[in-house]
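User: I am new to this structure. Please show it, then let me ask how its labels are earned.

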Amino acid sequence: MPGFELFDHREIDAVADVIGRKMVHRYSFNDCRDGIYRVEEFENAVAEMVGSRFCLAVSSGTAALYVGLKAMGIEPGDRIITSPFTFIATVEAITECGAVPVFADVDESLNMDPRSVEPLIDDRTKAVMPVHMFGSAADMDPIAKICSAHGLTLLEDSCQAMGATYKGRYVGTIGAWGPYSLDPYKLLTVGEGGLVVTDDEELYRTMEYAHDHGHVHDKSIDRGAERKSGLGMNFRMSEIQGAIGLVQVDKMPGAVKALRENKAKVLKSVGDIPGLVRRSFADQDGEIATQLVYILPDGESAKRFQAASGEAGVGCGILSGNTWHYARHWDSLRDWAERTRARGIDAPEYLPEDMAVTEGILSRAVVYGIGVTASDESLETMAKAIKAGAAAAL
Ligand SMILES: Cc1ncc(COP(=O)(O)O)c(C=O)c1O
């Protein structure tokens with residue numbers, strides 16, 4: 001799955017060039033860097049690729065989410081409806097603003113079920129943030145419709161799905177702004193890093209200042225003399241990461257193509273097995289194919305599938321056991337909610353029983369990771385394991 005599988009001499013040369021020039025800061029030293037700004041070049045390349053007016057590089061996907069929420073003015077007590085099947089960073093960015101995450105249900109796409117959103121809206125709700133899980137887009141049209149009917153901002157957590165599209169538009173460019181994660185597990189990785197894309201210039205400027213202590217960047221003067229616009233933090237990306245990103249963005253179309261081909265090989269070899277159902281898709285052609293998910297009839301059959309697949313040589317995970325990506329497991333969120341309520345801000349209890357619909361799907365969903373550089377032999381072994389799993393489960 002991850003882009004580091006594709007690291008080669010090009011990333012090494014790009015990093016060596018930055019180090020050789022001793023120019024690691026994306027800002028400053030304007031008079032002695034020969035006009036070379038790798039992070040800026042990277043931002044421009046990503047903006048062009050996804051068709052966004054603006055792109056800001058930051059230090060992580062988590063920072064991208066946080067900077068975006070802060071820039072749009074999310075405040076303590078505000079509520080944001082999101083998905084309980086996500087990486088915890090989605091909710092941490094919300095809680096770090098003092099705002100309150102509210103969980104919709106997921107459907108068999110593993111993404112937000114649009115039908116579960118409307119009953120959760122009240123006068124504290126500010127935005128709805130579906131998460132494009134496992135490289136495939138959430139169904140944005142019905143969610144956008146709900147947002148406009150209720151005067152809410154449509155957001156997206158596109159951290160896991162850079163390169164995926166929904167009805168021809170890149171995820172991340174559909175809501176008011178969109179984040180991408182460039183951490184070591186992502187298809188485009190710079191080690192650690194993130195990006196935010198938006199078409200809204202004012203929002204972009206606010207994010208730009210906020211990610212660098214409020215600096216109003218001006219190449220014509222010394223950094224020390226720059227004006228400040230508000231308080232901020234340091235979520236800057238370094239030139240080392242920018243240089244890696246520039247190489248990786250060039251490799252991205254090839255990486256997505258390879259993933260799609262690899263997944264297609266597995267599916268072809270598995271063939272049609274009556275009763276074996278895959279995750280559903282809001283836009284199947286737009287997925288980046290980082291994972292392959294089957295939804296079994298019930299939890300017991302998922303366990304039989306998992307055991308047989310493992311015995312056949314390839315393990316798969318059952319998603320309800322995924323502590324990283326499923327809010328049911330997050331005692332830390334429940335603790336936060338208790339402390340938040342004690343401070344007088346209403347927050348849900350996030351009880352496992354409140355996630356029954358999502359549990360009903362994740363407990364019967366099994367997942368395989370697809371490698372960019374997977375050999376035909378390993379893909380064939382995966383297909384055999386899937387067939388063994390299906391034979392035991394169905
Ligand atoms: C859905 C989602 N949101 C946010 C993040 C946070 O990204 P990062 O690890 O770059 O901080 C991730 C990372 O895995 C993610 O999967």
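The turns below go through charged pairs, a lysine with annotations, the nonpolar core and two loop residues.

Analyst: First, the ground rules. This is a predicted model, where local features need pLDDT of at least 70 and side-chain atom pairs count only at pLDDT 80 or more, while totals for chains, interfaces and linings use all residues. Residues are numbered from 1 along each chain as its sequence is written, and side-chain values use heavy atoms, with hydrogens and water left out.

User: What makes the contact of Lys251 and Glu11 a salt bridge?

Analyst: The term needs a side-chain nitrogen of Lys or Arg within 4 Å of a carboxyl oxygen of Asp or Glu. For Lys251 and Glu11 the N to O distance is 2.8 Å. That is within the 4 Å limit, so the pair qualifies. The two residues sit in distant parts of the chain, 240 residues apart: Lys251 in helix α7 (residues 239-270) and Glu11 in helix α1 (residues 9-21). Helices here are DSSP runs of H or I with at least four residues, strands are E runs of at least two, and both are numbered from the N terminus.

User: Are Lys251 and Glu11 buried or exposed?

Analyst: Buried means under 20% relative accessible area, exposed means over 50%, and partly exposed lies in between, with a 1.4 Å probe and protein chains only. Lys251 has 13%, so it is buried. Glu11 has 4%, so it is buried too.

User: How do you know that Arg38 and Asp17 form a salt bridge?

Analyst: Their side chains meet at 3.2 Å, N to O. That is within the cut-off, so the name fits. Arg38 lies in helix α2 (residues 38-50) and Asp17 in helix α1, so the pair ties together parts that are 21 residues apart in sequence. Asp17 has 29% relative accessibility, so it counts as partly exposed. There is also a network of salt bridges, which links Asp17, Arg21, Arg38 and Glu41.

User: Why is the pairing of Lys126 with Asp78 called a salt bridge?

Analyst: The closest N and O atoms of Lys126 and Asp78 are 3.4 Å apart. The limit is 4 Å, so this pair counts. Lys126 is in strand β4 (residues 125-129), and Asp78 is in the loop between α3 (61-71) and β2 (79-82), 48 residues away. Lys126, at 34%, is partly exposed. Asp78, at 10%, is buried.

User: How many salt bridges does a search of the whole structure find?

Analyst: It finds 28.

User: What does UniProt list for Lys186?

Analyst: The unreviewed UniProt entry gives "active site" for Lys186. It also has "modified residue: N6-(pyridoxal phosphate)lysine" there. UniProt positions follow the numbering used here, feature names are shortened, and annotations may be inferred rather than shown by experiment.

User: Why is Lys186 called buried?

Analyst: Its relative accessibility is 14%, so it falls under the 20% limit. Lys186 is in the loop between β8 (178-181) and β9 (194-198). Apart from neighbours within four places in sequence, it contacts Pro2, Gly3, Cys159, Gln160 and Ser181. Contact means heavy atoms within 4.5 Å.

User: What makes a set of residues a nonpolar core?

Analyst: The members are buried Ala, Val, Leu, Ile, Met, Phe, Trp, Tyr and Cys residues joined through side-chain atoms within 4.5 Å. The largest one has 67 residues, and those with the most contacts inside it include Phe42, Leu195 and Tyr368. Helix α7 gives the most, with nine residues.

User: Why is this core said to lie between domains?

Analyst: Domain 1 (3-251) and domain 2 (252-393) both give residues to it, so it lies between them. The domain bounds come from an automatic or database domain assignment.

User: How do you know that Ala312 is partly exposed?

Analyst: Ala312 has 32% relative accessibility, so it is neither under 20% nor over 50%. It is in the loop between α8 (299-311) and β12 (317-318). Beyond four places in sequence, Ala312 is in contact with Thr381, Ala385 and Ala388.

User: Which residues does Gly230 contact beyond four places in sequence?

Analyst: Gly230 contacts His213 and Gly214. Gly230 lies in the loop between α6 (201-210) and α7.
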